[in-house]
Amino acid sequence: MRHPWRRGLLAMVVGLLVAGCFAPSPPMFGDGEAVPEEASRVPLPVRPGPDGTWALNAPVAGLLGQGRTLVRLDDAENGGWRLALPAEFAVTSSQPGSAHSALVRADRVVLVGGRGGRRGPSAIAGLDPERGLLTWRHTLPPDSQVFLSESGFEVLTAVCRPGSCRLTGWDPWSGGLQWTRVVSGAVRVVDACRVEARATVDGLSGDGCGFYLVTPDRVGTVDPDDGGLRWQAGPRPPEGTVDRIFEDNDRVIMVTTPAKGSCRATVLADGVTSGDGDRGWRYSFVWDQPQAPRDAHTGCRWDRTLPLTVGFRMLLPGTKGALVVDPYFGTLRPSRRLAPGEYLVTDGTMNEIIRAPDRPDRLLNAGPGQLVRPHGLSPAARSVTDGFWQDGRRLLLLDHRGNTLWEGTSDCQAFRHSFKDIGGSLTYCDGNDLVTLRPVHKD
């Protein structure tokens, strides 16, 4: 044999490849075999609100905040701290950008203040997440809006008056002024993340986030780096007050509030960036959300905090029954109308569940033998991560057949550590302790 070393080298390479291909997968909740093991147990650093959630819960940054207490949890990479916040910056709202809320993108944190009798946010302040200190503060004019860019590198504040909006960009680290611009004709600024609740559990934006300028004639975006404007080449905004804008595969979708008295609303989806022959779509209807109380101003059953997107679907809540459409194609493709009184909800999975008072839940698109949820769980149950469910205080891990692998109780809403880490560690409240569980395989 002329080169025996070659054959040996080839055998070694093949062995490594085979070992890599068939190496056992790391344990994950939901794989049917992993069980929980305590990774940490610490005294509860800040108690959640009455509903079992914290106004600020950003697991990637390790932050928990409720009221005037803000903490960073201690872990292997970062030291923990506890900060007593000024009353102005007490964290009581889970709606990012509103008064008494927090804006978080990775390690960039901006607190939004509020004062009694004041319209809108009163100030913004920067937080140093390493030291747990407020490092800068800026007072805001009345009726200000506050946004954090998708990258987290810029804070935008907006103040709109009849006929114009003043926009200002700030550095979230130093609080330094980066740019300011007055836009004539703009009547409002709409945040695509906020209105459709597309901010993820880890404090990062979902796809299609950003803020839009809306005028009577056009819609535009703002470059957070320098305040430059980019006006959409699509059709004019629909008549009425546009208060929801979001994107679906580069298609901009605008929704108006229901008109006072008539409750008529319009959805307009542009077709500019979608290729040859794509017209976009428009749909007008009489707004009626069966799960919402009547709005005092419009007289309509309407709640703008209820998202119109559920899973991969968009819900157009009309008096004849909600129309369920693909948000990209809308009424250009076949749609499905729910019965009056029905609406869509989700449970933390990708299931789209039809719900109505005094009727059992059912799936919008159920496969053969597919259950709405595992046996023994109530309609209030939610999936925390693959295989792990919380139903009230019950917390349980199920295998693929629905058998219970582990069960406990939680005095708060359990949460996983990353939006992308499905099947990974999760944290819950065991009495006065905050407990983190990690998946392990039995011996």
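These are my notes on one sheet and two loop residues in a predicted model.

**Sheet**

I looked up the strand order first. The sheet is open and has four strands, in the order 1-35-34-33. The pairing is antiparallel. I then checked which strands lie at the edges. They are strand 1 (35-43) and strand 33 (415-416), each of which pairs on one side only.

I went on to the link between strand 33 and strand 34. Strand 34 covers residues 426-430. Two bridges join it to strand 33, and the two strands run antiparallel. For Phe415, I found Thr427 as the bridge partner in strand 34.

**Thr427**

I stayed with this residue of strand 34. Is Thr427 buried or exposed? Its relative accessible area is 2%, under the 20% cut-off, so I noted Thr427 as buried.

Next I looked at its side chain. A polar contact of 2.6 Å joins the side chains of Thr427 and His417. I also listed what Thr427 touches, leaving out residues up to four places away in sequence. The list holds Ala414, Phe415, His417, Leu434, Val435 and Thr436. Phe415 is thus both a contact and the bridge partner of Thr427.

**Positive phi**

I turned to backbone angles in two loops. His100 is not a glycine, yet its phi is positive, about 65 degrees. I placed His100 in the loop between strand 5 (81-84) and strand 6 (101-105).

Asp143 is also a residue other than glycine with a positive phi, near 65 degrees. Where is Asp143? I found it in the loop between strand 9 (133-139) and strand 10 (145-148). Its relative accessibility is 34%, so I entered Asp143 as partly exposed.

Definitions and conventions. Residues are numbered from 1 along each chain as its sequence is written. This is a predicted model: local features need pLDDT of at least 70, side-chain atom pairs count only at pLDDT 80 or more; totals for chains, interfaces and linings use all residues. Side-chain values use heavy atoms; hydrogens and water are left out. Two strands pair if DSSP finds at least two bridges between them. Buried means under 20% relative accessible area, exposed over 50%, partly exposed in between (1.4 Å probe, protein chains only). A polar contact is a pair of N or O atoms within 3.5 Å; within protein, one must be able to donate a hydrogen and the other to accept it, and residues adjacent in sequence count only if both atoms are side-chain atoms. Contact means heavy atoms within 4.5 Å.
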